[in-house]
Amino acid sequence: IYDFALAKGNWQIQDVDDFNRCHFVRSIGDPSGFYFPLSSKVAALSVSRQMRQEALPFAYRRTLFHLDDMDDLVKLLVAVGKVGRDNIEMVELAWKSRADSEFKWDEDPNNHDSSLLLPTLHAARCIQLLKQCKRLHSLRLYLERDLLTDVPPDDFKANSGIKDLCSLRGIKMVHICDLGHEPVDGHGLAKWLREKMESSTEEEESGT
């Protein structure tokens, strides 16, 4: 009944500092994710403990999560706990990392190699958590267009973060856009990446 009663929703971090200070820190003491403040608009989540327990999985399934940074996605997937990761179905993610960019800038501020735009620092942890989202069936990725046009294809495919991304298999719908939200699915590298993520491990092993 909740699957039909709950309206579809959208979730994104409005204030990164506030999220880090309040919600992420509190989540450390709530590994189940039961108390994560998913939405104040879903009345069923605040009526009673029993109703929240019943409705929470469906609320996650009906919510589209939009993250502008993989570091934020890592924190979100930790904060929502097991109940969140077990039920999240739709994610939009910008494949970039503030921490990664700052680290590379500190190492060499004069290096303007486009391949450095590819995040690696937290990519493995990001994908590890996404793999725990058992119901994830829709993923929209936002990439810097320069990554697809300026980075040599072999360097792109050999990047450790891209390899981690390719290990995320069997997603029914993968869409790839640039940071201006323009689709780039037709680009060779974007098409290759999408096909990798939509294929299953069994298809890869059989060569189909």
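Which residues of α4 are buried? In the predicted model examined here, the buried positions of helix α4 are M70, D71, D72, L73, V74, L76, L77 and A79. The helix spans residues 70–79 and is mostly covered, with eight of its ten residues buried. At the start of α4, a side-chain oxygen of D69 comes to within 2.7 Å of the backbone nitrogen of D71. After the helix comes G81, which has a positive phi, near 65°.

Confidence in the model varies along the chain. The mean pLDDT of the protein is 84, and 83% of its residues reach 70 or more. Strand β3 (residues 90–94) has the highest confidence, at a mean of 97, whereas helix α12 (residues 201–206) has the lowest, at 52. Predicted coordinates should not be read in detail where pLDDT is low.

The strands β1 to β5 form an open sheet of five strands in the order β1-β2-β3-β4-β5, and their pairing is parallel. At the edges of this sheet lie β1 (9–12) and β5 (173–178), each of which pairs on one side only. On average, neighbouring strands of the sheet are turned by 15° against each other, direction ignored. In general, the strands of a sheet pair through backbone hydrogen bonds, in either a parallel or an antiparallel sense.

Strand β4 (residues 138–143) is joined to β5 by six bridges, and the two strands run parallel. With β3, strand β4 pairs over five bridges, again in the parallel sense. Individual bridge partners can be assigned on both sides of β4. L139 of β4 is the bridge partner of V91, and L139 also stands opposite V174 in β5. Further along β4, L141 has I176 in β5 as its bridge partner. Strand β4 is mostly covered, five of its six residues being buried.

The loop between α7 (123–131) and β4 contains H137. The relative accessible area of H137 is 23%, so this residue is classed as partly exposed. Apart from neighbours within four places in sequence, H137 is in contact with E89, M90, I171, K172 and M173. Of these contacts, M173 belongs to the residue range of the edge strand β5 (173–178), and M90 to that of β3 (residues 90–94). The C-alpha atoms of H137 and I88 are separated by 8.9 Å, although the two residues are 49 positions apart along the chain.

The structure holds nine salt bridges. One of them pairs D72 with R98, with 2.9 Å between the closest N and O atoms. This pair links distant parts of the chain, since D72 lies in helix α4 and R98 in helix α6 (residues 98–107), 26 residues apart. The two partners fall into separate accessibility classes: D72 is buried, because its relative accessible area is 4%, and R98 is partly exposed, because its relative accessibility is 36%. In general, side chains of opposite charge can pair when their charged atoms come close.

A second salt bridge is formed by the side chains of D178 and R145, at 2.7 Å from N to O. Here too the pair links distant parts of the chain, with D178 in strand β5 and R145 in helix α8 (residues 145–149), 33 residues apart. D178 has a relative accessible area of 9% and is therefore buried. R145, at 39% relative accessibility, is therefore counted as partly exposed.

A further salt bridge lies within a single helix. R194 pairs with E198, the closest N and O atoms being 3.6 Å apart. Both residues belong to helix α11 (residues 188–198), where they are four residues apart, about one turn of the helix. E198 is partly exposed, because its relative accessible area is 28%. Elsewhere, D69, D72 and R98 are joined into one network by salt bridges that share partners. D69 is also the residue whose side-chain oxygen approaches the backbone nitrogen of D71 at the start of α4, and D72 is among the buried residues of that helix.

Note on methods: Residues numbered from 1 in each chain as written. Predicted model: local features only at pLDDT ≥ 70, side-chain atom pairs only at ≥ 80, totals over all residues. Heavy atoms only, no water. Pairing = 2+ DSSP bridges. Axes fitted to C-alpha atoms, helices over the stretch in contact; angles between N-to-C directions. pLDDT = per-residue confidence, 0-100. Buried < 20%, exposed > 50% of the residue type's maximum accessible area, 1.4 Å probe, protein only. Polar contact = N/O pair within 3.5 Å; in protein donor to acceptor, adjacent residues only side chain to side chain. Contact = heavy atoms within 4.5 Å. Salt bridge = Lys/Arg side-chain N within 4 Å of Asp/Glu carboxyl O.
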